[in-house]
Protein chains: 2
Amino acid sequence: MNAPLKFDAATATVDAAAIEPFPNSRKVYIEGSRPDIRVPMRQVSQSPTPDSFGGETNPPLFVYDTSGPYTDPAAAIDLRCGLGTPRLPWILERCDTEQLDGPSSGYGQQRLRDPALAALRFNLQRNPRRALDGRNVTQMHYARQGIVTPEMEFVALRENLRRKEYLASLVESGPMGARVASLLGRQHPGQSFGASIQQEITPQFVRDEVARGRAIIPANINHPEVEPMIIGRNFLVKVNANIGNSAVTSSIGEEVEKMTWAIRWGADNVMDLSTGKHIHETREWIIRNSPVPIGTVPIYQALEKVNGKAEDLTWEIYRDTLIEQAEQGVDYFTIHAGVRLAYVPMTANRLTGIVSRGGSIMAKWCLAHHQESFLYTHFEDICAIMKAYDVSFSLGDGLRPGSIYDANDEAQLAELKTLGELTQIAWKHDVQTMIEGPGHVPLHLIKENMDLQLEQCSEAPFYTLGPLTTDIAPGYDHITSGIGAATIGWYGTAMLCYVTPKEHLGLPDKQDVKDGIITYKIAAHAADLAKGHPGAQMRDNALSKARFEFRWDDQFNLGLDPDKARAFHDETLPKESSKVAHFCSMCGPHFCSMKITQEVRAYAAASGVGEQAALAQGMQEKAIEFVRGGAKLYREV
Amino acid sequence: MNAPLKFDAATATVDAAAIEPFPNSRKVYIEGSRPDIRVPMRQVSQSPTPDSFGGETNPPLFVYDTSGPYTDPAAAIDLRCGLGTPRLPWILERCDTEQLDGPSSGYGQQRLRDPALAALRFNLQRNPRRALDGRNVTQMHYARQGIVTPEMEFVALRENLRRKEYLASLVESGPMGARVASLLGRQHPGQSFGASIQQEITPQFVRDEVARGRAIIPANINHPEVEPMIIGRNFLVKVNANIGNSAVTSSIGEEVEKMTWAIRWGADNVMDLSTGKHIHETREWIIRNSPVPIGTVPIYQALEKVNGKAEDLTWEIYRDTLIEQAEQGVDYFTIHAGVRLAYVPMTANRLTGIVSRGGSIMAKWCLAHHQESFLYTHFEDICAIMKAYDVSFSLGDGLRPGSIYDANDEAQLAELKTLGELTQIAWKHDVQTMIEGPGHVPLHLIKENMDLQLEQCSEAPFYTLGPLTTDIAPGYDHITSGIGAATIGWYGTAMLCYVTPKEHLGLPDKQDVKDGIITYKIAAHAADLAKGHPGAQMRDNALSKARFEFRWDDQFNLGLDPDKARAFHDETLPKESSKVAHFCSMCGPHFCSMKITQEVRAYAAASGVGEQAALAQGMQEKAIEFVRGGAKLYREV
């Protein structure tokens with residue numbers, strides 16, 4: 001049953017698809033207050049508007065870029081060396097950490113010594129770091145002391161996406177510039193259910209949100225390769241992609257390839273959920289080559305260490321696993337500390353019992369020992385480890401519902417309350433914390449989840465799997481859950497854990513990973529629009545303008561998946577000339593509503609119908625005023 | 001550019017994929033109060049629960065079946081003859097229609113005479129029918145006279161899906177039967193936003209809903225092949241699939257194949273939006289072979305008749321087109337009568353103008369003639385035609401937004417108000433009416449659309465395209481819009497018009513049609529669950545039970561797409577023995593949360609933890625009481 005290894009450290013190479021540049025796009029870096037704060041964005045160039053539509057230039061748009069150095073042609077990518085370490089100077093200059101002589105976990109040492117692993121092992125040239133004795137190195141700790149770290153400034157720049165500069169470039173783009181800027185900068189006022197959404201994200205706002213626990217910046221001091229990002233309800237909604245091998249299938253090389261593929265399509269985080277062979281080595285390869293935060297569920301590996309017998313798990317084995325992984329650089333741990341003994345029997349009458357792997361392991365342990373789990377009783381000990389490396393908590397929902405039937409039941413809600421109590425303990429230690437959520441929930445019960453989470457967990461970021469809004473579509477659970485994800489994102493969830501089409505059926509391959517991510521990027525963006533994140537609508541507006549003006553290539557390139565859009569178009573009208581044609585395959589050359597609209601517009605302007613001429617003049621003036629007034633992106637309600 | 005015809009009437013054959021039976025499924029017919037009311041359903045058989053999980057039998061589940069005789073092995077399918085005509089006796093016995101000598105439209109006669117069309121023409125052996133002079137043959141007219149038609153009884157049986165019988169069969173399935181029935185019959189109370197959702201649909205309720213205009217049964221007297229279905233907010237949410245050729249591509253054979261393919265996967269309605277060659281003949285082939293209602297946009301064909309010049313359109317040409325299509329059996333017409341002259345200039349400052357084809361045609365006509373459109377001024381004349389054949393109105397949203405930017409703007413909302421006024425006129429004539437809705441709308445503005453529609457159109461069924469909740473994902477607009485569709489369905493939309501992945505890019509092929517439909521079946525079902533349609537959750541519950549018990553084949557077969565679910569599973573674990581294995585590829589044989597849950601449950605029961613023994617006993621008693629008490633599917637709030 002076990003797959004062959006199919007991996008050799010000496011010859012590991014990057015997937016060619018991961019390093020291909022996006023069409024008409026350029027990797028740019030926005031410099032912060034110091035030259036080593038270089039925030040990556042993707043700049044998408046556009047062609048000018050055809051003369052028949054006005055002839056204006058269309059300045060490039062900046063989009064959020066999770067793909068790291070892989071899409072930078074100037075970067076030398078060698079998986080065997082790993083990525084560069086932009087965060088290292090920031091970590092070092094804080095002078096609150098020390099470099100160890102080697103891994104301090106027993107298991108980490110054992111793996112390093114094992115000669116049989118030589119062919120698999122990533123050749124790491126540096127030793128792990130840890131907080132100096134008595135020091136706390138979490139971003140939350142710094143924030144609470146009023147410090148704005150480079151990481152905080154980095155995420156502030158990243159969240160703003162150069163929107164002000166983009167609007168200004170529109171104004172300067174020609175005689176129609178101000179009008180175009182007013183069009184493309186306009187956005188519907190959002191409905192944010194009590195979020196504190198800012199016009200512009202400042203480093204100070206980032207610090208304040210991290211300080212009060214409403215956002216986290218997952219960034220382990222042993223993951224200096226990371227490009228910092230932020231998770232919180234007052235920031236753009238983020239997407240996590242799960243990868244990882246199992247006992248049945250997959251190899252190290254495939255998992256690294258899934259990671260580079262996932263970040264190419266927009267994964268803001270990646271969780272390595274490996275449960276098969278060589279978990280330790282697989283993780284090392286992933287982290288060393290990942291520009292995004294990596295999360296894990298340490299209990300999976302701990303269980304492997306006791307040969308899959310949950311009742312044999314001990315605090316000591318688990319603790320060693322936490323240290324092992326923290327020293328590799330894992331940025332957040334899913335820890336199912338809310339599965340309390342008393343809650344386990346609440347699941348006995350469920351339709352689908354306990355479906356969380358971590359939850360079921362802990363439930364079994366609790367029953368076998370008839371005592372509270374060591375995750376709960378040792379929670380403050382865990383906090384001590386977390387703050388020594390700045391690993392963030394992702395408090396796991398071990399009792400999440402596995403079916404619509406079980407949604408919002410007693411067991412689920414009892415655990416959520418406990419997660420809220422644990423959040424307070426984590427915060428006492430200045431440990432960054434987010435809360436995991438379900439699962440399978442019908443549309444109308446999603447709001448209750450969000451409201452309870454906000455209240456009971458004091459607005460700690462919510463990180464939900466979907467939720468799936470029906471159980472009747474195996475093979476399409478990216479969609480059943482994408483619906484729920486958009487909805488809960490709108491209500492306030494900070495990060496959405498993707499579900500792939502293979503959910504419930506098999507391990508996702510690269511195509512599934514991409515389908516899952518694009519679906520979740522859609523859900524996250526739909527939520528950003530609905531919440532009213534300033535400027536979220538700019539990409540929609542730019543793409544709609546391109547669409548209306550028959551700028552086919554721009555329409556493709558501004559989308560989430562230029563390759564697929566282009567391929568779909570070419571299936572019907574493959575000729576290159578069709579890409580500038582003022583019609584498309586749906587209606588044909590003689591029958592096009594957009595063409596007719598142009599005629600209507602020209603007619604209206606020429607004949608003065610509806611006072612178009614006056615309107616156009618007035619709009620031009622209003623537009624200039626709008627941009628001069630700081631281009632506030634909200635219309636006042 | 002024009003595709004070759006690739007079609008010959010003499011050799012037309014049905015697509016083999018359309019007539020393949022679904023796995024472990026059987027077509028059954030539920031007989032109504034008379035033997036010629038035979039309501040089709042798909043009965044999905046299941047395997048028994050493994051002994052380790054209780055060993056009970058799992059009675060077959062009934063699912064809504066739109067596939068018509070195609071999936072009935074007893075039916076002889078010959079596209080050249082068309083389907084049988086189950087409605088014909090019902091129409092005849094009402095004695096309010098007459099058979100004509102032939103088509104009464106000029107165009108219909110001309111096409112029939114044209115020898116060049118012989119090789120393309122469907123060989124229809126009967127002449128069209130029309131209401132006797134002065135009679136009104138709409139289902140609404142009958143309903144308002146207190147008559148329960150066979151069509152009404154048919155849809156009542158269809159909506160109930162034999163749920164009571166299924167629950168009873170569960171009770172009788174063995175010693176655990178009552179407990180299982182109570183599990184599988186349970187459902188979360190819904191949130192219906194003021195809908196009048198019934199515990200059981202009676203023919204009288206159907207009549208009353210049709211009478212007050214809150215539901216329609218699209219069923220032209222010239223479409224006796226149709227298996228009646230109902231569209232209204234108090235019934236299951238329905239899905240429409242658009243097909244149709246264009247000047248650029250596709251043939252008659254391909255369009256018929258798309259129709260049979262669409263209904264196989266669950267399309268409740270099909271719209272033929274052809275704008276290319278041989279629109280008349282294509283439509284005839286589709287209707288004669290369609291068991292679901294067919295809708296069209298007659299202005300498309302009228303425009304072809306004036307060589308694409310909108311300003312040359314006249315009431316007379318349009319009127320002849322309505323009669324031509326009504327006599328072929330089109331069940332509903334999209335008519336953009338709400339595009340009023342005064343609204344056209346309201347679109348001039350939009351980002352994407354007028355994107356509805358029908359809307360842009362009428363806007364151009366209005367401006368060219370500087371007068372109200374003939375659709376608006378002749379609205380009562382149109383009603384006279386509609387009621388002579390029982391064609392339903394689908395009042396088109398010609399000014400729907402084509403981008404997030406344009407959502408809920410003045411033009412859109414002005415038109416909606418007019419559609420409400422036209423609804424009152426249609427109802428004065430007892431003409432069945434539904435209202436089309438947008439389009440592109442961000443999540444948080446969807447509710448406003450629904451609320452305004454309910455209020456201004458007096459709860460006439462809303463029929464929306466999506467809405468798309470973001471513009472940034474060309475290639476994935478089934479998903480951007482599936483999110484909006486589920487949401488607006490939950491709020492009260494009665495039918496969802498699908499969007500395929502090819503939207504904005506090209507004409508959908510069969511794969512796109514299927515992807516669009518499955519996505520929209522998910523959206524519709526998510527909405528049914530959220531509204532709390534009685535028994536909607538039974539399919540979720542049955543599938544979840546199968547999933548929990550590792551009945552892989554049952555899990556596949558109960559889903560919307562058994563083929564894909566099976567294929568996905570087999571990609572990782574192809575062996576037939578894996579389908580009964582108590583593990584799957586995600587976690588492997590030694591690590592499975594469901595297996596652990598079973599152990600937790602056994603442990604809990606054996607050790608009396610949490611009073612499981614007492615609970616189990618109590619539950620058994622409660623279950624029996626539940627089923628004896630009429631198995632009410634709601635828990636009281």
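**Figure 1. Burial and surface of chain A in the predicted model.** Of the 637 residues of chain A, 68% count as buried. The chain leaves about 20,000 Å² exposed, and carbon and sulfur atoms supply 52% of that area. Its secondary structure consists of 23 helices and 15 strands. Counting contacts between residues at least 6 apart in the sequence of chain A, 77% join residues at least 24 apart.

**Figure 2. Superposition of chain A on chain B.** A turn of 180° with a shift of 0.0 Å along the axis lays chain A on chain B, with an RMSD of 0.0 Å. The two copies are therefore related as by a two-fold rotation axis. In chain A, the C-alpha nearest this axis belongs to Ile483(A) and lies 2.3 Å from it. Both copies use the same surface: of the contact residues of chain A, 99% recur in chain B.

**Figure 3. Helix H5 of chain A and its buried residues.** Helix H5 of chain A spans residues 163-171. Its buried residues are Arg163(A), Tyr166(A), Leu167(A) and Leu170(A). Viewed down the axis of H5(A), these buried residues fall within an arc of 100°, so they line one face of the helix.

**Figure 4. Elements covering the buried residues of H5(A).** The cover over the buried residues of H5(A) includes one strand of chain A, E3 (61-64). Helices of chain A also contribute to this cover, among them H4 (150-160), H6 (177-185) and H19 (537-548). Among the residues covered are Tyr166(A) and Leu170(A), both of which are buried residues of H5.

Notes:
Residues numbered from 1 in each chain as written. Chains lettered and ligands numbered in written order. Predicted model: local features only at pLDDT ≥ 70, side-chain atom pairs only at ≥ 80, totals over all residues. Heavy atoms only, no water. Helix = DSSP H or I, 4+ residues; strand = E, 2+ residues; numbered from the N terminus. Buried < 20%, exposed > 50% of the residue type's maximum accessible area, 1.4 Å probe, protein only. Contact = heavy atoms within 4.5 Å. Areas by Shrake-Rupley, 256 points an atom, 1.4 Å probe, with all protein chains shown as cover. Least-squares fit on C-alpha atoms with pLDDT ≥ 70 in both. Arc of directions from axis to C-beta.
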